[in-house]
Amino acid sequence: TYVKMWADTQRELDTMLQREREEFLQPEEDSEKVMKMLATTYVQYLEILRHLEAAHAHLIHRQKRAAVRRVLDGVMGRLLEIKREMVALEKSECHHMDGILMDLKRVPEDIEIPIPEYFIKENLSVLQEREQYLHEILLNAGLLKQEPVTAMTLEEGIKVIQVAERARQGRARAAFMKKIYLEEKRQSKKEGQETGKNPDDAATCIQKVWRGYSQRKRTEKLREEEMIFLGMVRIWNSSEMINGTGSLPPELEAMSCLQKAKVLQGEVQKREDISFIQELRTTEGPHIKETLQDQITQCFLECRHVTGRFPDYPPEKTGGSKAIFIEKHPEQVAEELAAKKEAEKQEEKNGKNQEKAKMKKPEKDGKQVVDLGWKMGPSNFLSILEEGSSEYQVFWEMRDHKSDFLQDHDPELIKGGEREEVEEEIRVQVDEVMQEKLLNIKKALDGETGPQGKAKKGEKVRAAMMSLACRTIDSLYQELAEEGLLIEVKHVHLSDYIGYHDCLRSILREAGAQPVPSIPEVRQLVALYGILPLGSQTVHENAPLVKSLLLAGPAGVGKKMLVHAICAETGANLFNLTPSNLGGKYPGREGLMMILHMILKVGRELQPSVVWIRDTEKMYSKGPSKGEEEMNFRRLAKLLPQFLKALKPKDRVLVVGTTRRPFDANLGPFCKAYQKIILVPKPDYLTRFGKYFTLWKHYILQGGGALTKLVNLHCLAQVSDGFTQAHVVDVVHTVLTELRLLQMDRKPLRTAEFVTPLARHDPVYREEEETFQ
């Protein structure tokens with residue numbers, strides 16, 4: 001099934017690539033035509049992404065999954081590139097696509113962004129260990145609230161004993177009354193037997209009972225045969241009946257089989273071919289070992305020629321011999337930086353001269369530059385998609401998939417990936433040999449018996465500036481967790497952020513108005529700018545880079561939930577960098593710089609990571625600062641651009657700010673700090689009372705309540721206009737107490753029970769909404 005889905009999707013992708021070569025390379029002046037073309041391509045790529053994600057999640061063959069994975073990452077990146085063009089064209093993050101969906105015969109749910117399972121599935125064991133380790137750290141630091149174990153008071157104990165004793169007496173009385181009833185019944189039967197009955201009446205009674213019994217058995221047998229004939233009932237064999245496995249209902253058995261199949265599927269997907277790895281280690285191991293030794297020896301000789309002595313061998317914690325090819329001497333770094341600056345200055349001079357020449361040329365010729373219209377920008381992912389398409393055509397298109405029942409690997413295709421694993425194993429062995437060899441050479445030539453005791457002045461300064469570099473990631477991770485800067489992630493999904501598509505918004509957009517984004521549009525933007533880049537390294541390195549994201553909206557609309565959803569969907573660490581959380585921990589500007597350095601180091605090493613800044617508008621508040629908290633905000637505002645500048649495309653670290661009052665900030669530097677700003681709205685009527693996503697219904701059922709005709713959801717949706725999701729949750733929790741849930745059977749819920757606590761909250765007024773817009 002999924003091989004066929006992959007083949008069909010690959011053909012659709014080839015058609016899309018051919019269309020892009022024909023249409024997107026030609027300049028176009030009509031912006032409406034361009035927008036329609038981009039939106040159509042966007043929707044079609046989304047469908048391709050959905051099918052590729054399903055195929056990748058369910059295929060067993062490792063190399064097939066690897067081929068699908070490359071194309072899957074390419075499609076995600078291409079979606080982000082098309083989204084960038086659409087935003088630049090319309091100057092808006094939200095687009096009117098109802099007409100496109102109608103032309104393509106799609107429903108609004110088809111433009112939801114699917115989140116690949118491999119974001120979490122491939123690193124599940126590592127994430128579970130990290131989560132358990134963080135939980136233990138927070139528990140030992142006393143930052144987690146444990147449920148207190150309290151003993152019963154004397155009055156509570158007496159009440160429990162009284163309840164148990166009354167129940168015992170009730171059961172004893174019921175047994176005594178049953179005994180009396182059976183005795184009376186036995187006595188009446190005895191009297192009837194003494195009087196005697198007519199034999200014909202007795203025979204008629206027996207016939208009636210037997211005929212009814214036989215007819216019911218016959219009817220049940222006919223019904224069972226009919227269901228077996230229709231394929232609605234499984235035929236149980238004798239072994240299943242003896243083992244007791246056939247006692248489950250069909251629905252529960254189907255769910256049990258599905259769970260077992262998923263577990264087995266995951267085990268087969270993770271399997272490794274040990275024999276092939278051993279063969280590769282035997283045949284290519286000696287050559288790899290010899291090459292590594294030559295490279296390390298050459299590096300030692302070059303370093304001694306430059307610095308006058310052999311370097312210290314890097315320890316295993318820093319990567320061993322890998323660090324030799326990464327780290328450089330301070331003098332080499334300074335020389336490279338100076339040469340780079342001179343090259344940049346020379347390029348600037350050449351660029352200015354070229355600009356002057358271009359400016360002068362039209363004046364001499366008397367010509368003007370003609371704008372040919374819109375043209376699609378260069379893409380980093382079309383080459384990836386074309387390589388994936390050609391690979392599919394060469395290796396997989398004509399392959400007989402049905403004959404490969406075991407879904408084994410192809411030895412020729414697997415060499416590249418397994419060679420890296422074998423090379424890493426051999427590198428560890430080479431490090432042990434070369435480290436001993438280096439000590440012998442240093443002892444013979446330089447008279448050194450170990451690492452250098454004295455260091456030059458420049459090295460001392462460098463060691464002082466990089467004091468944190470000597471610490472392990474585990475120690476930094478533990479310190480950040482104990483100080484409350486690394487917090488636990490709540491297990492929520494992006495789909496839990498309930499919202500409904502409102503097709504009437506298209507009327508407002510056609511009239512030229514810009515309505516508030518809907519909740520489904522917020523989900524799409526969070527998935528595009530937050531989840532997809534953090535989940536895939538390929539997408540993050542090649543797609544339009546988004547380092548910072550701002551979620552703005554009234555209190556209680558779900559900004560915090562969206563931050564946790566980004567982390568839960570990608571397995572990211574969550575750093576709470578809210579300045580109010582820094583009070584008294586790392587004082588001064590130097591302390592704040594050290595925090596940012598620690599977060600950057602841990603976030604890079606254990607990526608993906610999210611840095612959350614709550615109430616971020618206070619960083620850019622107007623007027624003089626008052627108090628230590630506002631001083632921390634101001635310092636963080638000055639250091640945040642440097643932190644963002646230090647993030648490279650390979651670093652899957654995202655800064656997410658949330659704000660309830662963005663209009664209190666100085667909007668110039670505030671908007672420059674965040675590349676993407678998403679307005680999170682309060683729930684509209686369709687969200688509060690929709691056909692599928694009903695806010696009130698969802699939270700009432702989630703709280704354990706039962707809905708009857710006495711609860712008018714339409715009335716609650718009308719009354720709760722202007723209130724946020726947090727208000728609805730608070731009202732439901734206020735009503736559905738433990739006592740109220742116990743009374744549910746004899747006292748059903750009513751609409752009035754929810755209206756009274758709702759009236760105690762203040763809604764989001766229209767003036768505040770207009771200010772947000």
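Reader: Is K91 buried or exposed?
Author: This is a predicted model. In it, K91 has a relative accessible area of 69%. The cut-off for exposed is over 50%, so K91 counts as exposed.

Reader: Where does K91 lie?
Author: K91 has a positive phi of about 55°, although it is not a glycine. Helix α3 covers residues 62-90 and α4 covers 98-103. K91 lies in the loop between α3 and α4.

Reader: Which phi does K105 take?
Author: K105 is in the loop between α4 and α5. At 77% relative accessibility, it counts as exposed. K105 is not a glycine, yet its phi is positive, at about 60°.

Reader: How many helices and strands does the protein have?
Author: The protein has 773 residues. Its secondary structure comes to 30 helices and six strands.

Reader: What share of the residues is buried?
Author: Buried means under 20% relative accessible area. Among the 773 residues of the protein, the buried share is 37%.

Reader: What share of the accessible surface belongs to carbon and sulfur atoms?
Author: The accessible surface of the protein comes to about 47600 Å². Of this, carbon and sulfur atoms hold 55%.

Reader: What share of the contacts with a separation of 6 or more comes from residues 24 or more positions apart?
Author: Contact here means heavy atoms within 4.5 Å. Take the contacts in the protein with a separation of 6 or more. Residues 24 or more positions apart account for 82%.

Reader: How many residues of α20 are buried?
Author: Helix α20 has 12 residues and reaches 17 Å from its first C-alpha to its last. That is close to the 16 Å expected at 1.5 Å a residue. The helix is mostly covered, and its buried residues include L562, I566 and A568. Of the 12 residues, the buried number is 10.

Reader: What do the buried residues of α20 pack against?
Author: Helix α20 spans residues 559-570. Its buried residues meet both helices and strands. The partners are α5, α18, β2, β3, β4 and β5.

Reader: Which residues does A568 touch, not counting residues up to four places away in sequence?
Author: A568 is found in helix α20. It is one of the buried residues there. With those neighbors in sequence left out, A568 touches I120, V489, K490 and V492.

Reader: What is the C-alpha to C-alpha distance between A568 and H493?
Author: In sequence, A568 and H493 are 75 residues apart. In space, the C-alpha to C-alpha distance is 6.6 Å.

Reader: Which residue follows α20 with a positive phi?
Author: Helix α20 ends at residue 570. The phi just after it is positive, near 70°. The residue is G571.

Reader: What do the buried residues of α16 pack against?
Author: Helix α16 spans residues 473-482. Its buried residues are I473, L476, Y477, E479, L480 and A481. They pack against α6, β1, β3 and α21.

Reader: Which residue takes a positive phi just after α16?
Author: Helix α16 ends at residue 482. Just after it comes a positive phi of about 80°. The residue is G484.

Reader: Which peptide bond is cis?
Author: P608 lies in the loop between α21 and β4. Omega is near 5° for the cis bond that leads to P608. That bond runs from Q607 to P608.

Reader: Which residues make the nonpolar surface patch of about 270 Å²?
Author: One member is found in helix α7, residues 154-195: F176. The patch is made by F176, M177 and I180.

Note on methods: Residues are numbered from 1 along each chain as its sequence is written. This is a predicted model: local features need pLDDT of at least 70, side-chain atom pairs count only at pLDDT 80 or more; totals for chains, interfaces and linings use all residues. Side-chain values use heavy atoms; hydrogens and water are left out. Patches are made of residues with over 30% relative accessible area and no salt bridge: like charges are joined within 9 Å, nonpolar side chains (Val, Leu, Ile, Met, Phe, Trp, Tyr) within 5 Å. Accessible areas come from the Shrake-Rupley method with a 1.4 Å probe; for residues, only the protein chains shown count as cover. A salt bridge is a side-chain nitrogen of Lys or Arg within 4 Å of a carboxyl oxygen of Asp or Glu. Helices (H or I, at least four residues) and strands (E, at least two) are DSSP runs, numbered from the N terminus. Buried means under 20% relative accessible area, exposed over 50%, partly exposed in between (1.4 Å probe, protein chains only). The expected span of a helix is 1.5 Å times one less than its number of residues.
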